[in-house]
Amino acid sequence: EASISDYFGFLRSVRFDITKRSKPTEGTRVVSFRVCQEAPENQCSETRFASIEFFLVNHPPVVRLDPDGSSSGRQPEYAGSFREGDAPAYVADVDVDISDFDGPVLQWAEVRFALAFEEDVLTVEVAELGDTAVAVDIEADGAGFPVVRFT
């Protein structure tokens, strides 16, 4: 048993949210409201309805190559180095971070040169990908430089 003002507070406290962050369903949701008193004979108010229009936003994913700035001192960029004769150099720091507000599943990723020379190549250490069922393709772009695509 509570006062009418308690019920006002209750109705104002109810919120809408979604639990499915990957491909939620866009459209109208309808919520019904009614209040009842016990005596006499469980009398209730008329049922009232509220509609909530849900719109997809589709935020783009965010990639941070060096979130803590350990390689360059500038977040989120990465600055690696390579000397002739060295093992291939990584193009992202160990703390690379990818996030997507819309959900945990992405369709594909791509790595390509923005500035390169004729002798430059990109390789993928497949053993580091784990047991995930993925495909890695390396093809040449229009200028003949490699593009690594992960799907």
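Which element gives the largest share of the lining of the largest pocket? In this predicted model, that share comes from strand β7, which supplies four residues.

## Overall fold

The chain is built from one helix and nine strands, and reading along the sequence one meets the helix and then the strands, in the pattern α-β-β-β-β-β-β-β-β-β. Of the 151 residues of the chain, 10% count as buried.

## The largest pocket

The largest pocket holds about 2,000 Å³ of space, and its lining is made up of 41 residues, with Tyr 90, Val 91, Ala 92, Val 111 and Thr 123 lying nearest the centre. Two elements, β7 (109-112) and β9 (146-150), are those that give two or more residues to this lining. Sorted by class, the lining has 26 nonpolar, six polar and nine charged residues.

Ala 92, one of the residues nearest the centre of the pocket, is found in the loop between β5 (62-64) and β6 (97-99). With a relative accessibility of 23%, Ala 92 counts as partly exposed, because buried would require a value under 20%. Ala 92 is separated from Asp 66 by 26 residues in sequence, while the C-alpha atoms of the two are 6.8 Å apart in space.

## Salt bridges

The model has four salt bridges. In one of them Asp 97 pairs with Arg 64, and the closest N and O atoms are 3.5 Å apart. Asp 97 belongs to strand β6 and Arg 64 to strand β5, so this pair ties together parts of the chain that are 33 residues apart in sequence. Both partners are partly exposed, Asp 97 with a relative accessible area of 27% and Arg 64 with 33%.

Another salt bridge joins the side chains of Arg 112 and Glu 110, at 3.0 Å from N to O. Here too the partners are partly exposed, with relative accessibilities of 44% for Arg 112 and 35% for Glu 110. Through salt bridges that share partners, Glu 110, Arg 112 and Asp 141 are joined into one network. A further salt bridge links Glu 46 with Arg 48, where the closest N and O atoms are 3.6 Å apart, and both of these residues are exposed.

## A nonpolar surface patch

On the surface, Tyr 7, Phe 10, Leu 11, Val 14 and Val 35 form a nonpolar patch, and together they have about 440 Å² of accessible area. Tyr 7 is found in helix α1, which covers residues 4-13. At 39% relative accessibility, Tyr 7 counts as partly exposed.

Definitions and conventions: Residues are numbered from 1 along each chain as its sequence is written. This is a predicted model: local features need pLDDT of at least 70, side-chain atom pairs count only at pLDDT 80 or more; totals for chains, interfaces and linings use all residues. Side-chain values use heavy atoms; hydrogens and water are left out. On a 1 Å grid over the protein atoms alone, a cavity is a set of points where a 1.4 Å probe fits but cannot get out, and a pocket is an open set with protein on both sides within 12 Å along at least five of seven lines; lining residues have an atom within 4 Å of a point. Grid points are joined across faces, edges and corners, and a volume is the space filled by probe spheres set on the points. Ala, Val, Leu, Ile, Met, Phe, Trp, Tyr, Cys and Pro count as nonpolar, Asp, Glu, Lys and Arg as charged, and the others, Gly among them, as polar. Patches are made of residues with over 30% relative accessible area and no salt bridge: like charges are joined within 9 Å, nonpolar side chains (Val, Leu, Ile, Met, Phe, Trp, Tyr) within 5 Å. Accessible areas come from the Shrake-Rupley method with a 1.4 Å probe; for residues, only the protein chains shown count as cover. Buried means under 20% relative accessible area, exposed over 50%, partly exposed in between (1.4 Å probe, protein chains only).
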